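Me: I am new to this structure and would be grateful for a close look at a single part of it. Please take one helix and describe its surroundings.

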Amino acid sequence: MLSERELVVLALLPSLLSAGEIAAELTVSVNTVKSHIRSIYAKLSVSTRREAVRQAHERGLLA
């Protein structure tokens, strides 16, 4: 379902890091992170970061 890189981004979503800070952490562009986040939202059928984290927990994608 989610790609390996999307899972890495997903794991950072519960933190208080902004998309820019996540990008810096992963040494990718902010546009790449935003693209991954959009893809995560679509695949989880959610529209917010909070919903994505909740849905990921329910599906066992986050510890």
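Reply: **Helix 3 and its surroundings**

H36 belongs to helix 3, which covers residues 30-44; helices are DSSP runs of H or I with at least four residues, numbered from the N terminus. This is a predicted model, in which local features need pLDDT of at least 70 and side-chain atom pairs count only at pLDDT 80 or more, while totals for chains, interfaces and linings use all residues. Residues are numbered from 1 along each chain as its sequence is written, and side-chain values use heavy atoms, with hydrogens and water left out.

H36 is buried, with a relative accessible area of 18%; buried means under 20% relative accessible area and exposed over 50%, with partly exposed in between (1.4 Å probe, protein chains only). Leaving aside residues up to four places away in sequence, H36 touches R5, E6 and V9, where contact means heavy atoms within 4.5 Å.

The buried residues of helix 3 are V33, H36, I37, I40, Y41 and L44. Seen down the helix axis, these buried residues fall within an arc of 135°, so they line one face of helix 3; the arc is that of the directions from the helix axis to the C-beta atoms. Their cover includes helix 1 (4-12), helix 2 and helix 4 (49-58). On the face turned away from the buried side, helix 3 carries the exposed residues N31, R38 and A42.

In the contact with helix 2, A19, G20, I22 and A23 of helix 2 meet V30, V33 and K34 of helix 3. Just after helix 3, S45 takes a positive phi of about 60°.

Conventions
Helix = DSSP H or I, 4+ residues; strand = E, 2+ residues; numbered from the N terminus.
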